Amino acid sequence: MKHDPTTIFGYTDRLSARPGETLTFHVSSEEPTQYDASLVRLSHGYTGSASPGFIEHDVAGASFAGSYTGEHYVCQPGSFVEIDDPNSVLADPTDVAISVYVYATLPLPERAASIGAYHVTQTSMGQDNKRQTICGTWDEDTATGYALVLDDGVPTVLWGHDGQPRTLSTASVLQANHWYRIDVRFGMGAGEVQLTQTPIENCMNQFSDQAMPIDVEEATASLGECTPVRSAHSFRIAALARRDGARWLAVSPFNGKIGALTVTRGSDPLDGNGGGLLARWHFGRSSSDDGLLLWDVVDLSDNQLHGRCFNAPIRAVTGPLYAGFSEDFRLAPDEFDAIHFHDDDIADAEWPVAFTFAVPDDLPSGVYAARLMAHDKAHYVPFIVGPGSRKKEVALLLPTATYLAYANDRTPFEADGAEVIVSHTPILNNNDIDLQNHPEFGRSCYEIHNDGSGVVFSSARKPIITLQPKHRAWYGANGVWGLPADLCIVNWLDTLDYEFDVITDEDLNAGGYELLADYKVVLTGAHPEYVTRQELDALDLFTARGGRLMYLGGNGFFATASFVPGQPHVMELRRSAGGTRPHQSNYGERRHATSGEMAGLWRHKGKAPQRLTGVGFAAQGFDRSTHYERLEDSRDPLAAFVFEGIGDDELIGDFGIMGGGAAGAEIDCYDPALGSPPGTLVLATSGPLTDAFLVVIEEIYENLPGQGGTEHPYVRSDIVLGALDGGGGFFSVGSIAWTAALSHNGYDNNVARITGNVLKRFVSKEPLDQIVD
C-alpha cells in the first residue's frame, strides 16, 4: 500500500477534563512547518460507505485556535531513576564502594526473548543495546564521572583520565535471568579499581545452581596518579544522561532488575551499616503509609538521597532475597527490593507545551479533539469534556482504561500468529504504518518488551495512534475498535437528539458512586474490558440504588486495571496466571504496585461481570459476525417494551459494519453459575458462528477438541434484561459488534430501535418489574 506519512503528532496531558479545568497540548512536527489548530467535537469516526462517514463539528471561539510554527521533538524511551543529590555526595568516586544486585534480562541483543502469546518479534526503539547502564554519573562527551555498566553483557566500570575513558571489565557475559551481586571499589590516590561479580542463588533464577554452576569473577586495574573527574550529570540508576536542548534524555538504558543498591565511602561495601554509608536505596520500601510503590525511591541512609522513577519501570517485583512464599510486596518489602527496567519503557514523551485549553464553563460534555492541520492532513488529539454543574439524565461511560491498554497496538506487524487470531490476513492502513515508523511511541499492554517481559504500563502522555477517530483496527477491513466504535454510540445519541454527559474510567475510579448518583441511565462503550475495583463497586451501588445500566458491548468488566494515584494519565495492567491473556506476570509479581490490587480476571476475585450485567466473556472470533434470534423470554410482558416495532420472528442485527452482523468479535453469554441474577430474561441469542470463535481459556480446564462455534454451546452472544430490587436494572447485548450496527440504513433498523426502546424506558421512573402500557 502507498503510505502518505504523517508529519505531525500530538498528545494531551490527560484524556479528560471538566469545565473550568485546563488541558495542555504537546505537538511535534517532523519538519519545521506551520500547522493550524482548532477545536472540534467528534460525532462519528468510521469512514466507510456503509455508515454516516466521519462526522466532526467545528467549535468556534476556542482559545487555542490559530496557526503555530512546528518544532520537531523526539520520544526517548528507557526507564530509570534519577537521584536528588543537591550536595553532590555521589559526584566523587574516590574511596567509594558500590554494591548492587543485578538480574539482566537482555544482556546481549541477539538474546531477545521469543515469548508471549501474540508478540514474538522485538522492534528496536532506537537504543544501543551494546551498553546498558546499571548506575553512575558518566558523561560520554567529556569522559568525566564514573559508571557501572554492561558492555556487550559484560560488567564494566567506566571512569575518565586526561579526557579519555578508562574501563575495567570481568571476563564473561552475565547469564540472562540470573541474579548476581556486583561490587565495585575505587581506591584512594594511586590505588586500584576492583570489580567482582558473584552469582547469587535465588528461587527465581532461570536455572538452578546445580544445573548451571557459575563461578565468581574478579578484576582489578590501577587508578594511576589520577582521580576520576566529576561530571555535570546527576547520579542515575538504569540509564545515563544526555542533554537535548533543555531536556536530559536517557541513554544506554538497562533491561532487567536492579536491587539492593548501596554506596559507601571508606568502609566495606557489604557493610551497609558502616559509618561511611552514602546511600542505600531500598526499592521495596514505600514513601507512603499505604505501602504502594509509585515513583519515589527511598534512600535509607542519613544523606536522604531519595530518587524518582521516570518512564514507569515496574516496581513490586521479586528481588535478590525473594523466598518464594509471599505475593504481597507490602508484607515482605525486603523480598521485593528491586525494580525492573526496560529500554523501551515510555510514560511521558516530555514534549514542550504547544498550547493550553481552559475548558469553558458552558462547553457541553462530549468527545472533542484538537485538530492539527499540516500539509492538508489532519492529526487529532482527542479528549473528553466531562459533566458541568448540571448533569444530564444519561451518562456515556467511555472505557479509557481499555483505550490505554490497546494504545499503539502493533499486533499485525509483530505477532507471528496474527493471521490465526483473526482467521484472515490482517488489514493494514496508514495509521498502522505510522506506528511501524514510530516504535518510540511505545507499545500496548498486549505486547512484550524487548526483553520478553509483558508491558504493564500505558500512558496518555505520548502520541496514541490508535486513538485517531478514523482509525480502523487490523481485525478486518471494517474493524471499528476503541474510540471509533464508541463514536458510533455518540452519533446515535446525537441523531436521537438525546442530551448526555460523557465520563471516563478515570473519572469513575476517582469519583465513585457519587459521580453516578444523579444519573438515571449509564451506557457503556463497546469494549469496557479493563476496570478498577472502585468502578465495579460504584456501578454495583448505582444499580442497587435504582440506576439503570445499558451494557452495549462485549468482553466487558473483565480484568483488573489500576490508575496511578495523582497521575490518572498512567494505567497499570498486569496479567495473572489464568484466563485469556496475551502474556502473564511472573510468580510474585502479579500484584499492582500502584493500587495493591491482585492482577487478573474479576471472575477469579468474586466479581464476575455476570453479577453486574447478566453476561460475561464467552468467546472471540474475527472472521465474521452474525445476527440474533429471539428466545421465549422475549415474549415475557416485562420485555414487551424492548421489542416495540420488532416482528416476532425478525432476525436482529443481520447487518453491521463490523463483520456484517451485530453479534461478533468478542461476545458474552448468560451464566447463572457465575452470577447472572435470578429473574434475568434471556431475550435473544446469536445465530450461527464459525469455528474461528473459540471458548475462552478461563472456561477450559483441559485441552480438548470441540471448542469452536459450531460445536460448543458456550460460544454464543446473549441479549439479557434484568430488573433489580430498588428499581434498578440492566440491559446487556454481549457483543462488541453491536454498536457498529446502530447506523445501518440511516439508523432505521432493529438494533437502533431496540437500543432506543430500552433507553426510553430506562430513563422513565416506572419500575422495570412492572408492565407499563
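Lys and Arg count as positive here and Asp and Glu as negative, while His and the chain ends are left out of the tally. Keep that in mind as you look at this predicted model. On that basis the chain carries 54 positive and 102 negative side chains. The centres of those two sets lie 3 Å apart.

Now step back and look at the whole thing. The chain has 10 helices and 42 strands. Its C-alpha trace spans about 95 × 60 × 50 Å along the principal axes. How does the radius of gyration fit with a compact globule? With 773 residues, such a globule would have a radius of gyration near 28 Å, and the chain has 28 Å, so the two agree.

Next, try the inside and the outside. Of the 773 residues, 63% are buried. What the chain does expose comes to about 27700 Å², and carbon and sulfur atoms supply 48% of that area. The contacts tell you about the fold too: take those with a separation of 6 or more, and 74% of them link residues 24 or more positions apart.

So what sits in the interior? As background, nonpolar side chains in soluble globular proteins tend to be buried together. In this chain, the largest nonpolar core holds 90 residues. Which of them touch the most other members? Those are L523, F731 and W738. F731 is a good one to zoom in on. Leaving aside residues up to four places away in sequence, its contacts include L549, M550 and Y551, then V642 and L683, and further along I719, V720 and L721. I754, V758 and F762 are touched by F731 as well. Apart from this core lies another one, of 62 residues, with V193, L261, F283 and L305 among them.

Finally, have a look at two spots in the backbone. Most residues other than glycine have a negative phi. D95 has a positive one, near 60 degrees, and is not a glycine. You'll find D95 in the loop between β7 (80-83) and β8 (96-104). Is D95 buried or exposed? The cut-off for buried is under 20% relative accessible area, so D95, at 17%, is buried.

The other spot is N555, again not a glycine, with a positive phi of about 50 degrees. N555 lies in the loop between β32 (548-551) and β33 (559-560). With a relative accessibility of 1%, N555 counts as buried too. For a link back to the core, look at β32 (548-551) just mentioned: L549, M550 and Y551 are among the residues that F731 touches.

Methods: Residues numbered from 1 in each chain as written. Predicted model: local features only at pLDDT ≥ 70, side-chain atom pairs only at ≥ 80, totals over all residues. Heavy atoms only, no water. Helix = DSSP H or I, 4+ residues; strand = E, 2+ residues; numbered from the N terminus. Rg over C-alpha atoms; globule rule 2.2 N^0.38 Å. Buried < 20%, exposed > 50% of the residue type's maximum accessible area, 1.4 Å probe, protein only. Contact = heavy atoms within 4.5 Å. Areas by Shrake-Rupley, 256 points an atom, 1.4 Å probe, with all protein chains shown as cover. Charge placed at Lys NZ, Arg CZ, Asp CG, Glu CD. Core = buried A, V, L, I, M, F, W, Y, C linked by side-chain atoms within 4.5 Å.
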